[in-house]
Amino acid sequence: QAMLQIVVVFLPLAVLPIRIRESAATALDGSRAPALELLVVLMTSVGLPFFVLSTTAPLLQKWFSQLGHPSGEDPYFLYGASNLGSLLALAAYPAVIEPRLGLSSQSGFWMWGYGALALMVMTCAIPVIRATATATATATATATATISGARRLRWVALSFVPSSFLLGITTYITTDLAPIPLFWLIPLAVYLLTFILVFAKKPPIPHRW
C-alpha cells in the first residue's frame, strides 16, 4: 500500500501546474449539458491532483497508527490538524495571497508545494514499508474486526448530512444572494471548524452530542 501510494502521489506532477488547458477549454462547445461539460474540464485540469490529495489524510493516519507511537491508538487528531491548516489557508487566500500574486504565480507555487508534499509522503512511507508485514496484518485484522458493516453504513449516511447542508447553503448564496466567493468563506469556515472540534485530541464537545 505504501509503495503504491508513492507512485500515485507523484502522478499529478504530470498535469501540473494547474491551468485550464486548450484541450479542456474546447470541451465547452455547448453540445452537452453545461454541468457535464464543466465536470470534464475540471477532471482534465485539476481532478487528478485533488483526487490524490483527498486520499492523503486518511492514509497518513492509518500509517501513523501502525508505527507504535504512543498517540497511534487515536490518530484522528491529525485530521483536526489538517483541517486547521485548511481553515488558515482559507482565511489567508483572500487576505494575503490573492492581492499579491497573479494566477500564474499561484499555480507555480502550488506546483512546488505539491512536489514538496509528494516528497514528504514518500518519507512517511519509508518506516511503513520497513514495518513487518505480520504486524501490519495483525493490526488491520484487529481494527476491522471491531467495526460492523451496519456501523460503517451509518457513518457514510451521516456524512451526507453536513455535506448536503454545505452544498445547499453555498447554492443558495450563489443563486439567491450574490455569486461572490467571499460569501462562501463563512459556511466553509464553519464546516472546517466542526472537523477541528470533533477530531481534536481533547474535543471541547462530547462526541455523543
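# Questions on a predicted helical chain

Trainee: Where is the place of P17 in the chain?
Mentor: Before placing P17, keep in mind that what you see is a predicted model. The chain is made of helices, eight of them, with zero strands, and P17 is found outside the helices that flank this stretch. The place of P17 is in the loop between α1 and α2 (22-25).

Trainee: What kind of peptide bond joins L16 and P17?
Mentor: As background, most peptide bonds are trans. Between L16 and P17, however, omega is about 0°. The bond that joins L16 and P17 is therefore described as cis.

Trainee: Is L16 buried or exposed?
Mentor: L16 is found in the loop between α1 and α2, and its C-alpha is 8.2 Å from that of P49, although L16 and P49 are 33 residues apart in sequence. A residue is called buried when its relative accessible area is under 20%. Because the relative accessibility of L16 is 8%, L16 counts as buried.

Trainee: How many residues make up the largest nonpolar core?
Mentor: In general terms, nonpolar side chains tend to be buried together in soluble globular proteins. The largest nonpolar core of this model has among its members L16, I6, V52, W63 and Y114. Counted in full, the number of residues in this core is twelve.

Trainee: Which element gives the most to this core?
Mentor: Two or more residues of the core come from each of α1, α3 and α5 (103-130). With five residues, the element that gives the most is α5.

Trainee: Is Q5 buried or exposed?
Mentor: The place of Q5 is in helix α1, which spans residues 2-10. Setting aside residues up to four places away in sequence, Q5 touches T55, L59, W63 and V121, and L59 in turn is in contact with Q1 as well as Q5. Since the relative accessible area of Q5 is 9%, Q5 is buried.

Trainee: How far apart in space are T56 and V9, C-alpha to C-alpha?
Mentor: T56 lies in helix α3, and at 9% relative accessibility T56 counts as buried. Along the sequence, T56 and V9 are 47 residues apart. Between their C-alpha atoms, however, the distance is 8.6 Å.

Trainee: Is L117 buried, partly exposed or exposed?
Mentor: L117 is found in helix α5, and the C-alpha atoms of L117 and V9 are 8.6 Å apart in space, while the two residues are 108 apart in sequence. Partly exposed residues fall between the limit for buried, under 20%, and the limit for exposed, over 50%. Because the relative accessible area of L117 is 22%, L117 is partly exposed.

Trainee: At roughly what angle do the axes of helix α3 and helix α4 cross?
Mentor: Two packed helices are described by the angle between their axes and the distance between the axes. For helix α3 (residues 34-65) and helix α4 (residues 77-100), the axes come within 9 Å, and the crossing is right-handed. The angle at which these axes cross is roughly 145°.

Trainee: How many nonpolar residues does the contact of α3 with α4 have?
Mentor: On the side of α3 the contact is made by A57, Q61 and F64, and on the side of α4 by F77, L78 and Y79. Sorted by class, the contact has one polar residue and no charged residues. The number of nonpolar residues is five.

Trainee: What percentage of the residues of the chain count as buried?
Mentor: The accessible surface of the chain comes to about 14,200 Å², and 73% of this surface belongs to carbon and sulfur atoms. Of the 209 residues of the chain, the part that counts as buried is 22%.

Definitions and conventions
Residues numbered from 1 in each chain as written. Predicted model: local features only at pLDDT ≥ 70, side-chain atom pairs only at ≥ 80, totals over all residues. Heavy atoms only, no water. Helix = DSSP H or I, 4+ residues; strand = E, 2+ residues; numbered from the N terminus. Buried < 20%, exposed > 50% of the residue type's maximum accessible area, 1.4 Å probe, protein only. Contact = heavy atoms within 4.5 Å. Axes fitted to C-alpha atoms, helices over the stretch in contact; angles between N-to-C directions. Left-handed = near helix turned anticlockwise from the far one by under 90°. Nonpolar A, V, L, I, M, F, W, Y, C, P; charged D, E, K, R; others polar. Core = buried A, V, L, I, M, F, W, Y, C linked by side-chain atoms within 4.5 Å. Areas by Shrake-Rupley, 256 points an atom, 1.4 Å probe, with all protein chains shown as cover.
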